[in-house]
Every structure is written in structure tokens, then in C-alpha cells.
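Let's take a walk through this model, one piece at a time. Keep the 3D view open and turn it as you read.

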Amino acid sequence: MIQLAVLFSSYAAFTALCLGMDGHHREVFGRAPAPGRKRLLRGAGWALLLASLLLAIAIGAQGVVAWAVMLTLSTVLLVLLLAYWPRRVAPLGWLGLACAGLALVASVWS
Amino acid sequence: MKDGFRQRMAWLHTWAGLVAGWLLFAMFVTGTLAVFRPEINQWMRPDQAVTRVSEGEAIDAADRYLRQHAADAARWFIRLPNPRDGVLEMYWATRDGEWHDALLDPGTLRPSVQRATLGGEFFYRFHFELQMPYPWGRWLASFAAMVMLVVLVSGIVTHRRFFKDFFTFRPRKAAQRAWLDAHNALGVLALPFHLVITLSGVITLMALTMPAALDARYGADSDAFYRERGGEPPVLPRSGVDRPLPSLRPLAEAARRHWPDSAIGTIVVGAPGDANARVTVLQADNAQLRIRGAAVVFDGATGRLLDVMNAPRAAALTHDVLYGLHTARFAGGGLRWLYFLCGVLGSLMIASGLVLWAIKRRQRETKASRPTFGTRLVEVLNVAAVAGLPLAIAAFFWSNRLLPVGLADRAQVEVWCFFGAWALSGVHAACARPRTVWLVQLRLGAAAFALLPLLSALTTRQNLFQAIMRGQGVEAGFELAALAFAAMLAWSAHKLRPARAPTAIATRIEPAPRTLREEAP
Amino acid sequence: MSAPATPLLYRASVLSRVLAAAVGGYAVARGFAVCAAWWLPQSRSEAVLTATLLAFVVYATTAIWVFSVRRAWQAWVGVVLACLVLAGLAALGASR
């Protein structure tokens with residue numbers, strides 16, 4: 001479960017970081033982000049990335065390797081979404097965040 | 001060579017990448033398959049029935065077998081069955097240095113396999129030996145990996161919009177732009193993986209390729225180095241005094257108290273039956289990141305515990321962790337798939353780079369009616385590598401199912417089928433028009449992989465549907481992966497079909513506002 | 001590089017750089033490995049391992065450097081100088 005939390009939170013992190021870039025924000029929403037929104041997205045992205053790393057460290061050495069590989073795969077997924085279904089990027093980012101939360105709750109609970 | 005640092009690095013990236021690219025592609029693909037070596041073994045031995053036994057029973061079986069068949073050997077290696085591979089694997093070296101091996105069912109102590117095949121072992125070996133005699137293949141593979149490292153670094157330097165382009169892939173743009181985007185994205189996004197896998201790959205063969213430091217400090221006495229570094233099972237020369245070897249199982253059980261949570265991987269016995277015998281019990285290699293787990297050494301004459309090796313020092317640990325990261329034996333099921341996917345990304349990165357070279361060159365030569373010899377050569381090799389290798393792999397799997405079980409030299413014939421198919425793909429590429437060749441070979445590859453489950457169902461007692469229903473993860477996983485791979489090849493062929501020739505693509509681009517600035521080529 | 005008629009001189013200079021990177025780079029890496037194995041303040045086996053691991057980084061760096069300088073002869077001068085210095089240091093370390 002906690003592995004899924006790492007995967008989903010790293011995906012959500014990269015969605016936020018990606019939308020914090022002018023060009024990609026415009027591709028998804030049709031306009032550049034306001035400065036405040038940009039800062040928020042970037043801050044949230046880095047915070048989530050750090051959170052996913054901390055979760056990975058909690059798993060142990062295997063977790064950190066898995067984290068590094070998951071980062072790669074979540075960015076590849078994001079790139080494909082941006083290219084073919086840009087409208088789905090933001091909702092799926094939220095979905096990723098929600099799933100990360102759920103997986104975390106489930107892993108703590110069990 | 002052009003002026004300017006970045007231009008020179010771009011030149012290096014382009015040409016070093018091209019020259020080593022075909023070999024690196026083959027190494028990446030076979031290495032990626034080698035992640036699932038035991039699973040491929042299992043699929044390729046459908047008539048194998050292995051009795052599942054406990055660890056202790058397996059040790060007893062090996063003990064019995066080796067005492068009977070290799071009593072006066074210089075050294076025994078016993079690889080115990082594990083959840084991924086239920087076969088008991090034994091190697092021994094005779095006193096003349098000749099190696100023998102036995103792959104047995106641990107329950108019956110009989111060969112567990114009816115059809116002779118190298119299985120996943122073939123991809124694993126090819127990955128770093130390239131089907132060449134020792135040590136040339138390993139040298140060439142190491143050198144190719146060094147070139148890869150240089151290509152990666154020069155690629156990073158060349159790609160100056162590294163972070164700006166981080167998430168950029170514009171498949172609807174003109175061919176060259178789309179391929180460049182794809183190449184950049186695949187390279188940048190998986191860069192940590194590429195760097196680690198390449199550097200650690202070089203390091204796995206460093207004892208062969210860079211022995212200078214060891215020679216300088218130890219001279220001819222390299223055994224002393226391995227003794228001081230630790231972690232290596234000690235082997236003493238025979239003293240000539242006979243001493244009966246104690247039963248291995250109690251020793252293994254005593255060793256296992258040092259790692260109650262994981263299994264025993266290997267047992268090495270040096271000079272069995274001699275007064276100088278040493279028994280080393282090693283922890284399974286899936287228990288930790290580093291390639292070597294803990295190990296316990298016993299005196300093989302008295303059964304006395306001599307040494308517990310479990311704490312490599314800093315440099316040895318670095319080496320072992322890098323080695324472990326490369327082989328990924330530590331990885332559980334999920335992480336193994338992630339490794340596999342990253343390997344696919346790396347293969348695609350190399351393939352896209354090769355195709356990009358040909359596209360750029362073609363565009364420059366459109367005015368001339370015929371492509372130059374060099375361009376043509378690259379195109380032929382590109383098809384033979386990128387579309388031909390999947391065909392060769394498919395031929396390997398097909399031959400495994402179609403060749404008669406009792407055929408002489410069967411395992412070797414499978415390998416010939418692999419190289420035969422690959423050679424045919426090259427000949428075809430050299431004789432026909434490039435676009436036709438791509439289409440034909442990609443479609444053929446897609447068909448070959450798509451029909452693999454059907455072929456398997458017709459020629460063996462297992463089939464995909466049953467495997468899924470019964471939850472046979474390995475069989476189902478293998479054939480589903482073959483179907484996914486078929487879909488990928490079919491999709492590539494679909495993308496390449498003549499209706500979408502570059503001119504056709506150009507008319508289809510919608511004039512949507514593109515916000516990311518074009519990178520000057 | 002892609003001029004219609006590539007001058008012979010240009011080809012020779014490229015070949016010379018390839019040799020400097022592949023062979024010269026290996027010599028520098030080897031020299032570095034021996035040198036570091038003698039001078040690193042670690043136990044013998046640890047020094048050997050550290051030196052060998054780092055040697056590959058040195059190899060890659062040297063190869064890239066060879067292609068980054070303006071003229072091929074500069075690359076050769078650099079490689080030969082590095083080899084000489086490393087050999088000297090290694091000899092000094094060995095006789096310590």
C-alpha cells in the first residue's frame with residue numbers, strides 16, 4: 001500500500017510541477033498561470049516530491065530505488081497525457097493526489 | 001569538427017551515439033529481458049515439472065548428489081531453489097579446472113527438463129558477452145557501455161533546454177521534431193536510470209577491464225585482495241589428507257541463524273573431503289540491495305564456524321550496491337516490472353536516436369536523387385537492429401515451441417534460429433525500400449508476438465486463458481507481455497503507414513497555438 | 001563532418017581524436033587507478049576498489065574532454081601529460 005502512496009504522490013507532484021511551467025499551463029488551461037498560482041503549484045510540487053521521498057525512505061533501501069524509478073514512469077505518463085489528452089492532466093493530477101492520500105491512510109490503518 | 005564547445009559536444013553525441021547505437025540497442029533489449037531471466041526460463045520449459053521441497057530437503061538432495069557424482073571435485077557450487085526458480089542448480093570444478101553442471105529437480109534428483117533450451121540465460125549471456133568468445137564479448141560490451149556513458153553526458157551538455165523541455169513531446173509536429181522530442185523526453189525523464197545502469201554495467205566487468213590498481217597493489221596474489229575485501233567464499237588448495245565432509249544441512253541451519261528472515265542462496269564447498277575443506281553459506285541475493293548478502297564460513301573438516309562476513313567496508317559496499325542495482329536481484333515483483341519498463345524506455349531512447357539520425361540525413365539529401373552509401377547503410381542497420389531484433393527474439397520463442405523435444409543440440413538450434421532470423425531481417429533491409437522494410441518487419445514482429453499465446457496453446461499443455469484462470473502469474477505474465485509487445489509493434493507500423501508520409505502529416509497539423517518556442521535545430 | 005567531399009585531413013583528425021579518447025583515455029584511467037590505489041588513505045583492498053570505481057569516471061571525463069578541445073593535437077598533449085604526471089605519482093607512491 002505504501003508503495004502505491006509513493007507512486008501516486010510522485011505523479012501528483014510532477015503534475016503540479018509541470019503545471020507550474022508557463023508553456024504547459026497554457027497547453028492545459030489556455031493561459032499562463034498568475035504569479036501566485038505558479039508559486040503555489042511549484043511549492044506544492046516540490047513538497048509532494050519531498051513527501052514521496054520520505055515515504056520511500058520509510059520503506060527502506062528498496063523503497064528509495066523504487067521511488068527513483070517511479071519518478072521516471074510518472075513523468076513519462078504525464079508527457080503522454082500532455083501530448084494526447086491535455087484536458088485530462090489536471091483531473092488526473094487531483095485523482096493521483098486523492099489516491100496517494102487513500103493509499104497512505106490504508107497503509108497506516110492496516 | 002565545428003567551432004564552439006556545445007557544437008563539438010553535439011557532434012560527439014551524434015556520431016558516438018550512431019556508431020555504438022545498434023550494439024547498445026541490442027544490449028539494452030536483451031538486458032531488459034534478462035530482468036525476467038527465471039520467468040523466461042520457466043515459460044520456455046513448459047514440460048518441466050519441479051517438485052517443491054523445503055530448503056533443508058534441497059540441501060540434503062544436493063549433498064547426496066554431489067558426494068556421489070563429484071566427490072573429488074576442487075569446488076562445489078549449490079544454488080538452492082527459490083520461489084522464482086524451483087530448480088536445484090549445481091556446478092562443480094574438477095581438479096583439472098573443468099566445469100560441470102547439473103540442473104535437477106530437487107525432489108527426484110533427475111534432470112527436470114525435457115526440452116533442452118538456454119531460456120532466459122541466452123538473453124542474460126548475450127547482454128554482456130554478445131555471443132563472442134571470452135573475453136572479447138565482455139570487452140566489447142564494456143567498451144560500448146563506456147561509449148554510452150560518453151554519449152549520455154555529451155547529450156546532457158548538448159540539450160541546453162533540459163528543464164524547459166522537461167515535459168515536452170509534440171507528436172503532431174513534423175517527423176523530425178516529433179522524433180527529437182521523443183528522444184529528448186526518453187533521455188531526460190529516465191536519465192537517472194540510464195546513468196546508473198550504464199555506469200554500474202561498466203563496473204560489473206571491472207575486474208576484467210580495469211585490473212591495474214589491483215595488479216599494482218597485489219601483484220600476482222589477487223587471492224589476497226579477495227581475502228582482504230571479504231565476502232568471497234575461501235577456497236584452499238587440497239592438503240592431500242582425507243577428512244570426511246560433515247553433512248551440509250546442520251551447517252546451513254547454523255548459518256541461517258544469522259539471517260532468520262531470508263533464505264539461503266548459495267552454498268560453496270571448497271576442497272570437499274579434504275582436511276582443507278571450507279563450507280561457505282551465503283544469504284539469498286534478493287534480501288538486500290547489494291549483490292552479496294551475509295555469508296558464514298565453516299571449516300569443512302571439523303564443522304567449526306570460522307568467519308561471519310556481513311559488513312563490507314565503504315568502497316566494497318559501494319561496489320556491491322552498484323552491482324546489485326544493475327542486476328536488480330533484490331527487486332520484488334512490482335519493482336522488477338518498473339525496471340523492465342525503464343529498460344524499455346532506454347531501448348526506445350536509443351532507437352529514436354538512430355531513427356532521428358537517418359531522418360535528418362535524408363532531409364538534407366532530398367535534393368540528391370539517391371541516398372549516399374553511408375545513409376543507406378545506416379538505414380539498413382537501423383531496420384535490422386530496431387525491427388529485426390524483435391523478430392529474432394520472436395523466432396527464438398517460436399523455435400522453442402516448434403522444434404522437436406528430442407532434437408540433437410536443440411538448445412543450440414534455438415540460438416541459430418535467433419541469429420538466422422536476425423540475419424534474414426538484415427538481408428531484407430538491404431534489398432528492399434526502407435519504408436517497406438520497416439512496415440513489413442514491424443508487422444511481422446507484431447504478428448509473431450501476437451500469435452505466441454496461440455502457438456503455445458497448440459503445442460503445449462498450457463494456454464493463456466487457463467493460466468489466467470488458475471493464477472499462474474509467470475505463464476500469464478509472459479504471454480500478456482508478448483501481446484502488449486505485439487500491440488506496440490503494430491502501433492509503430494500503423495504510425496509509419498504510407499498515408500502519413502511527412503507531407504501528409506504537414507497538412508494535418510491543426511493551427512493550434514503552440515506556445516513552446518521552437519528549438520533551433 | 002557532413003560536407004559533400006570530406007577532406008582527408010579532417011578524417012585523419014577525427015580518427016586521431018577517437019584514438020586519443022579510446023586508447024589515451026584508457027591509459028589515463030589506468031594511470032589514475034594505479035596512482036589512486038597507492039595514494040588513497042585507505043586500507044589496501046579499499047584503496048584498490050575506490051581507485052578502480054573512480055577510474056571509469058576518469059575514463060569518461062577524459063574521453064569527453066578530448067572531444068571538447070579545439071584541436072586534435074591539444075587533446076594528445078593533454079592526454080600524454082596526464083599520463084606522465086600520473087605515472088610519476090604512481091612510481092612515487094609505489095616507492096613510498
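Chain C and chain B bury about 3500 Å² between them, and 73% of that area sits on carbon and sulfur atoms. Keep in mind that this is a predicted model. Why quote an area at all? The size of an interface is often given as the accessible area lost when the parts come together. To make this contact, chain C brings 34 residues and chain B brings 42 residues. The count of salt bridges between chain C and chain B is one. Which side chains form it? They are those of Glu228(B) and Arg44(C), with 2.7 Å from N to O.

Now for the other partner of chain B. Here 26 residues of chain B are in contact with 23 residues of chain A. Chain B and chain A bury about 2100 Å² between them, 76% of it on carbon and sulfur atoms. There are zero salt bridges between chain B and chain A. The table puts the two interfaces next to each other.

| Pair of chains | Area buried between them | Part on carbon and sulfur atoms |
|---|---|---|
| Chain C and chain B | about 3500 Å² | 73% |
| Chain B and chain A | about 2100 Å² | 76% |

Two pairs of chains touch, and the pair with the most contacts is B and C. What about chain A and chain C? Those chains do not touch, and their nearest C-alpha atoms are 21 Å apart.

**A look at chain C**

Chain C has three helices and zero strands, so to speak a plain recipe: from the N terminus on, its elements run α-α-α. What box do its C-alpha atoms fill? Along the principal axes, the box is roughly 55 × 20 × 15 Å. The radius of gyration fits into this picture: chain C has 16 Å, while a compact globule of 96 residues would have a value near 12 Å.

Of the 96 residues in chain C, 47% count as buried. The accessible surface of chain C comes to about 4800 Å², and 76% of it belongs to carbon and sulfur atoms. Now look at the contacts inside chain C with a separation of 6 or more: residues 24 or more positions apart account for 69% of them.

**Three strands in chain B**

Next, find strand S6 of chain B, residues 295–299. Is S6(B) enclosed or open? Five of its five residues are buried, so S6(B) is largely enclosed by the rest of the structure. Both faces are covered: Ala295(B), Val297(B) and Asp299(B) are buried on one side, and Val296(B) and Phe298(B) are buried on the other.

S6(B) has a strand to pair with in S5(B), and the two run antiparallel, joined by five bridges. One of the pairings puts Leu282(B) with Ala295(B) in S6(B). S6(B) also runs antiparallel to strand S7 of chain B (residues 305–309), with four bridges joining the two. Across that pairing, Phe298(B) stands opposite Leu305(B) in S7(B). S6(B) and S7(B) form a hairpin with five residues between them, and Gly303(B) in the turn has a positive phi of about 80°.

Back in S5, which covers residues 278–283 of chain B, you can pick out Arg278(B). Is Arg278(B) buried or exposed? Arg278(B) counts as buried because its relative accessibility is 15%, and the cut-off for buried is under 20%. Beyond its neighbours within four places in sequence, Arg278(B) is in contact with several residues, among them Pro234(B), Leu236(B), Val297(B), Phe298(B) and Asp299(B).

**Odd backbone spots in chain B**

Most residues other than glycine have a negative phi, and most peptide bonds are trans. Where does chain B depart from that habit? Start with the peptide bond from Tyr134(B) to Pro135(B), which is cis, with omega near -5°. Pro135(B) lies in the loop between helix H4 (120–129) and helix H5 (136–158).

Then there is Ala328(B), which has a positive phi of about 55° although it is not a glycine. Ala328(B) is in the loop between helix H12 (314–327) and helix H13 (333–364), and counts as buried at 3% relative accessibility.

Asp409(B) is not a glycine either, and its phi is a positive value near 55°. This residue lies in the loop between helix H14 (373–402) and helix H15 (410–431). Unlike Ala328(B), which is buried, Asp409(B) is exposed, with a relative accessible area of 56%.

Note on methods:
Residues are numbered from 1 along each chain as its sequence is written. Chains are lettered from A and ligands numbered from 1 in the order in which they are written. This is a predicted model: local features need pLDDT of at least 70, side-chain atom pairs count only at pLDDT 80 or more; totals for chains, interfaces and linings use all residues. Side-chain values use heavy atoms; hydrogens and water are left out. Contact means heavy atoms within 4.5 Å. The radius of gyration is taken over C-alpha atoms; the globule rule is 2.2 Å times the number of residues to the power 0.38. Buried means under 20% relative accessible area, exposed over 50%, partly exposed in between (1.4 Å probe, protein chains only). Accessible areas come from the Shrake-Rupley method with a 1.4 Å probe; for residues, only the protein chains shown count as cover. Two strands pair if DSSP finds at least two bridges between them. Buried area is the accessible area (1.4 Å probe) that two parts lose on being put together, summed over both. A salt bridge is a side-chain nitrogen of Lys or Arg within 4 Å of a carboxyl oxygen of Asp or Glu.
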